[in-house]
Protein chains: 2
Amino acid sequence: MASPVVTTRILRRLLSSGVTARAERLLERIHPADLGPLLSDLTPDEIRAVIDMLFRQRRAATTLRELPPELLPQVFDAVTDERLAQVLSRLEIDDMLELAEAIPEERHDDVMALLPEEQRLELRKAELYEPDTAGRVMTTSFVALDEKMTAEEAIDSIRAVGETSDSILYLYVVDEARQLRGVVPIRRLVAAPPDRSIREIMIDSPISVTIAADQEEVANLVARYDLLAVPVTSEDGEMLGVITIDDIIDVITEEATEDMYHLAGLSEEDRVFTPARQSIRKRLPWMLVNLCTAFAAASVVGFFERTLEQVVALAIFLPVVAGMGGNGGVQTLTVITRAIALGEIEFSSGIRAMLKEMAVGLTIGAVVGMLAAGLAYVWQGNPWLGGVLFVSMVITMAFAGLLGASVPLALKALKQDPALGSGVIVTSGADMVGFLAFLGIATLLLDNLV
Amino acid sequence: MASPVVTTRILRRLLSSGVTARAERLLERIHPADLGPLLSDLTPDEIRAVIDMLFRQRRAATTLRELPPELLPQVFDAVTDERLAQVLSRLEIDDMLELAEAIPEERHDDVMALLPEEQRLELRKAELYEPDTAGRVMTTSFVALDEKMTAEEAIDSIRAVGETSDSILYLYVVDEARQLRGVVPIRRLVAAPPDRSIREIMIDSPISVTIAADQEEVANLVARYDLLAVPVTSEDGEMLGVITIDDIIDVITEEATEDMYHLAGLSEEDRVFTPARQSIRKRLPWMLVNLCTAFAAASVVGFFERTLEQVVALAIFLPVVAGMGGNGGVQTLTVITRAIALGEIEFSSGIRAMLKEMAVGLTIGAVVGMLAAGLAYVWQGNPWLGGVLFVSMVITMAFAGLLGASVPLALKALKQDPALGSGVIVTSGADMVGFLAFLGIATLLLDNLV
């Protein structure tokens, strides 16, 4: 594969010198999935030219489907409503849905009006499924078999359709009422004797999910049982569609991004090449929340201003207590959030996890606190100062462990995202308890510190 | 599916009351992938009993393959060397390798000696591949076709082998020198006319990876091109094995865990139910590093002790400056680390990302700093204090943005893990610059602050 950087440079030169035919040939050789990084380096005019070529090559639909969301606004600007409708009509329903939702609101209805009636209705139906549910990522095209067929008849029926999409990894056996009866992995169909009946080959009561199932849980199911696709049924068992492994991979990647982002207080749309203006708008609200908690922590310090006036050296160790507590809390938070995401922990085992994390925090606090106390004693020459630092670090670290475990578990129990907002709660909680413990104990022992 | 909590309770009761037959029937109905959470709730004696049953049911190999690594030591304790060798010999090479590496060192050689010669040699060979490379996750069993066969002959040859593993999603066309010539998706084979030749059906020059390729890059390739498996070749094109999508999903999940863990300074083996003693041992070194950086930041504060003595109120705002800078830096770090992991950023576009993040930090610093300045003025009644807070927050946030972007990019350029250690560098860097800016400017303007 050629380096994308080189390709971009060549493409720009060909475009600017008007050698369209050669640019088109170059473009033909680029995989749709590789066009994203390339487009992000082009000017709006160049993007327009490339999109034109893609339409001439009838590759616009497959390409737009693969583009990272932050590039779509620019691409939409370069495309007429007619062409957009044409692109949408060529996509499978899950991709159609995703692209349709990215169309600017003022153009949405116009583009919809240009879609063929049947697809417009299907899209309307799909739009009714809740975000992040199975209905949003399933495709409605799959091969349905009758259990009375033989293996050979089944293979012939697939041949009659010709090579279709990825969803043909499993074949689904349904009855007259479209109830899902079984599933036949295509490899099993091929390996079976030609006259064997589908009923004998099929896997009975296959793993399936309902249309309202949470995408993350579907992904965990697929990962756990090494599936290649999952059938999606209505609440009463009617076969509606299939979620394929490529969509599952997208879900897994997105959920991991979401967890990392939420722990840091970021919004998912804030990607590396999102325009700065947009990133600022997305991050500001979270930073304002942070400012409030920072001032809350500061007010704890302010409460002990008299103590600080008498022993200024205490100010030096404030960042140590808070920093260590924050780090310990974030470690616990990361372990627990990840365990929740991977389905490794239930609320019942959560108590055990909380106790463990508290014990870990307590022990680490004792070891690190001892060292910190020694350092503080050597530096400031007062053993009492070391003692205060030691005790407050043990308290802060144990509390940070407890908080880091209990906040995401509580959010999960309340059916909220365990990662969202827990970072700020844990770090500011650790800060406040740290300041309170350190300055509080120092105030009690003030006579020994002055 | 029954709830795992209920199942555990029933299983324990059956085991303790000695109703082995019923316990065995219950166990038979549990999917290997569901046994992990169940075993983690049992006592060592109960685990021993369950493992015995699994051996009787000839399901020990498939089960052990699925167990989370933190459970393996306990399970190994309950199994003789002979049985362990028996389990290993039934696994595909990638699973065998993973399990073999978890065997305690003192038993490793004894177990190896009990393996059949051929498998021992294969395992030895696999052990030579670098960690996290393609060689470590590939399986060596795949179906190789000759390009002169017809579609029907190919299907017959698969029937002759019978249903095998997952690797049969694609069939690989190799020549006499075992060079990879092409690939035939099984769905394309089934859909093709029976007399069509494999040469006509196959995809030429398929995407493949070499044995030393990085697992994360292989995963990005599979995700980007929606592959179901990827062939692995030697440096000179000889077909060696296949990486299937279920292993890719494991790689994606593990890489995401690794990134989240490394950002928080955690080791991958430190999971939610890892014994506390082990978690403490894993986290302590990182906490000691943190203690050093915390004391480094504290020494910056210590350098300004005279200033603090004169204006104790400054101590109150230290956590605000440091906390906001740290949060901003971690946000940038998360965006950049994730972009690197997903292959969305190259070093060339890295400069652009750095400039963007600095601009974002600067702007957010200005907005939030203005607010902080206002609050500080209202609280402490000194406009100069607000001014110092504003300027130092702008400086700190811009610096944190620059640091959050440049540290992971620099680590990546040095072929290091971009997430590992970058968290501590960014937060402690932001702390130090924050303290230096805030207390430095305060010292310059001291006359106006007193």
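**Figure 1. How chain A splits into domains in this predicted model.** The assignment cuts chain A into domain 1 (4–130), domain 2 (144–263) and domain 3 (276–449). Take the C-alpha atoms of domain 1 of chain A and those of domain 2 of chain A, and the two centres sit 29 Å apart.

**Figure 2. Where domain 1 of chain A meets domain 2 of chain A.** Each of these two domains puts four residues into the contact. On the domain 1 side, three of them are charged and one is nonpolar, with no polar residue in the mix.

**Figure 3. Chain B up against chain A.** Here 89 residues of chain B meet 89 residues of chain A. Several helices of chain B give two or more residues to its side of the contact, including H12 (151–161), H16 (245–263), H17 (276–303) and H20 (347–380). The largest share comes from H19(B), with 17 residues. Sort the chain B side by class and you get 57 nonpolar, 18 charged and 14 polar residues.

**Figure 4. Tyr172 in the largest nonpolar core.** This core holds 237 residues, and Tyr172(A) and Tyr172(B) are the ones that touch the most other members. Zoom in on Tyr172(A) and, skipping neighbours within four places in sequence, you'll find it in contact with Phe142(A), Val143(A), Ala144(A), Leu145(A), Leu180(A), Val183(A), Pro231(A) and Met239(A).

**Figure 5. A separate core.** Apart from the largest core there is another one, made of 26 residues. Among its members are Leu64(B), Val75(B), Leu88(B) and Leu97(B). As a rule of thumb, nonpolar side chains in soluble globular proteins tend to be buried together.

Notes
Residues are numbered from 1 along each chain as its sequence is written. Chains are lettered from A and ligands numbered from 1 in the order in which they are written. This is a predicted model: local features need pLDDT of at least 70, side-chain atom pairs count only at pLDDT 80 or more; totals for chains, interfaces and linings use all residues. Two residues are in contact if their C-beta atoms, placed from the backbone, lie within 7 Å. Helices (H or I, at least four residues) and strands (E, at least two) are DSSP runs, numbered from the N terminus. Ala, Val, Leu, Ile, Met, Phe, Trp, Tyr, Cys and Pro count as nonpolar, Asp, Glu, Lys and Arg as charged, and the others, Gly among them, as polar. A nonpolar core is a set of buried Ala, Val, Leu, Ile, Met, Phe, Trp, Tyr and Cys residues joined through C-beta atoms within 7 Å. A residue is buried if 20 or more other C-beta atoms lie within 10 Å of its own, exposed if 12 or fewer, and partly exposed in between; C-beta atoms are placed from the backbone. Domain bounds come from an automatic or database domain assignment.
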